[in-house]
Amino acid sequence: MISCRETSGILASGTDPGLWKRLQLRLHLMMCDACSAYKRQLGALRKGIRKLVETESAKISGAELENQIIIKIREHKRPL
Amino acid sequence: MANRELFADRRFIESLRRRDNDAIERLVREYTRHLTNAALGMGFDPNAAGELAQDVWITFFEKAPSFEGRSHVRTFLFGILYNKALEKRRERRFSELDDNIEAVMDARFDPRGRWLSPPMDPERFAMGMETGRMIEKCLDGLPPQQRTAFVLKEVEDGSTEEICNILEVSATNLGVLLFRARNRLRECLEKQMEGPK
């Protein structure tokens with residue numbers, strides 16, 4: 001049986017621990033409320049940053065910026 | 001052909017080198033939003049993120065003649081973004097958290113590896129983040145490499161291989177970066193939500 005410490009380490013680093021450990025991890029999560037809470041917190045972090053970026057991104061006019069960039073690149077001829 | 005495959009095609013890369021108008025337009029329309037999103041996640045405000053994306057594109061097309069297509073154009077673009085963001089950040093001087101996250105995590109567990117005190121209720125944790133201000137503050141405390149790894153993973157859904165190429169780190173290193181970023185954020189947020197004791 002893997003410990004909470006190992007479980008949280010695998011979850012946070014996101015590295016694949018291999019089939020055997022993956023099974024143990026699942027079993028551990030089924031039985032351990034603290035690690036399940038930890039896992040859900042990591043999910044909340046993902047949602048949190050995605051939402052933050054989305055809110056800020058709405059303040060940028062994408063099409064306008066893209067047009068500006070396209071014009072700039074076309075004007076900026078290669079230095080040959 | 002899906003865009004991602006099209007952009008890896010030799011003929012497409014050739015047309016980029018020639019600065020073919022169509023090729024420029026397709027690429028810019030596909031990736032500018034991704035670049036600004038990554039820049040926002042890295043802590044730039046909307047104006048600065050737009051400027052940074054412009055800079056990235058100029059550099060990209062300056063370098064395009066020598067681009068061999070060994071990595072995907074997307075990886076190449078994010079690599080330029082990361083390096084430019086590092087330069088800008090050096091000028092701005094963020095105040096980073098100086099806590100040793102490994103030690104903080106060590107102290108979370110008893111000798112048998114069990115939680116000494118369980119993580120906060122995830123519902124409450126998620127609710128505390130709703131305004132975005134708390135997570136923003138905690139993100140600002142992350143060292144840039146950790147923050148970028150976290151953003152590329154969570155916002156851009158980058159693969160391990162791609163993020164490793166952008167940051168020029170091994171897969172093991174990336175695991176360490178994500179471990180630290182996520183735990184730092186988690187600890188920082190819990191601390192703020194619990195308030196002064």
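Three exercises with worked solutions follow, on a predicted model in which chain A touches chain B.

**Exercise 1. The contact between the chains**

Work out how many residues each chain brings to the contact, how much area is buried, and which helices of chain A take part.

Solution.

Step 1. Start with the residues: chain A contributes 44 and chain B contributes 59.

Step 2. Turn to the area. About 4,600 Å² is buried between chain A and chain B, and carbon and sulfur atoms account for 63% of it. On the chain A side, the most area is lost by Gln41(A), Leu45(A) and Ile73(A), which together make up 15% of what that side buries.

Step 3. Count the polar links. Between the two chains there are 21 residue pairs in polar contact, with both residues at pLDDT 80 or more.

Step 4. Assign the chain A side to helices. At least two residues each come from helix H1 (4-13), helix H3 (33-57) and helix H4 (62-75) of chain A. H3(A) supplies the largest share, 18 residues.

Step 5. Sort the chain A side by class: 19 residues are nonpolar, 13 are polar and twelve are charged.

**Exercise 2. A salt bridge between the chains**

State how many salt bridges join chain A and chain B, and check the pair Arg46(A) and Asp157(B) against the cut-off.

Solution.

Step 1. The count between the two chains is seven salt bridges.

Step 2. For Arg46(A) and Asp157(B), the closest N and O atoms are 2.8 Å apart.

Step 3. A salt bridge needs a side-chain nitrogen of Lys or Arg within 4 Å of a carboxyl oxygen of Asp or Glu. The pair Arg46(A) and Asp157(B), at 2.8 Å, forms a salt bridge.

**Exercise 3. Chain B and the largest cavity**

Describe the secondary structure of chain B, then find which of its helices line the largest cavity.

Solution.

Step 1. Chain B has eleven helices and zero strands. Its C-alpha trace spans about 60 × 35 × 30 Å along the principal axes.

Step 2. The structure holds two cavities of 30 Å³ or more, and the largest cavity has about 50 Å³ of space.

Step 3. List the lining of the largest cavity: Met42(B), Phe44(B), Tyr82(B), Ala85(B), Leu86(B), Arg89(B), Pro144(B) and Thr148(B).

Step 4. Match the lining to elements. Helix H5 (73-92) and helix H9 (144-154) of chain B are the ones that give two or more residues. H5(B) gives the most, with four residues.

Step 5. By class, the lining of the largest cavity has six nonpolar residues, one polar and one charged.

How values were computed. Residues are numbered from 1 along each chain as its sequence is written. Chains are lettered from A and ligands numbered from 1 in the order in which they are written. This is a predicted model: local features need pLDDT of at least 70, side-chain atom pairs count only at pLDDT 80 or more; totals for chains, interfaces and linings use all residues. Side-chain values use heavy atoms; hydrogens and water are left out. Contact means heavy atoms within 4.5 Å. Buried area is the accessible area (1.4 Å probe) that two parts lose on being put together, summed over both. A polar contact is a pair of N or O atoms within 3.5 Å; within protein, one must be able to donate a hydrogen and the other to accept it, and residues adjacent in sequence count only if both atoms are side-chain atoms. Ala, Val, Leu, Ile, Met, Phe, Trp, Tyr, Cys and Pro count as nonpolar, Asp, Glu, Lys and Arg as charged, and the others, Gly among them, as polar. On a 1 Å grid over the protein atoms alone, a cavity is a set of points where a 1.4 Å probe fits but cannot get out, and a pocket is an open set with protein on both sides within 12 Å along at least five of seven lines; lining residues have an atom within 4 Å of a point. Grid points are joined across faces, edges and corners, and a volume is the space filled by probe spheres set on the points.
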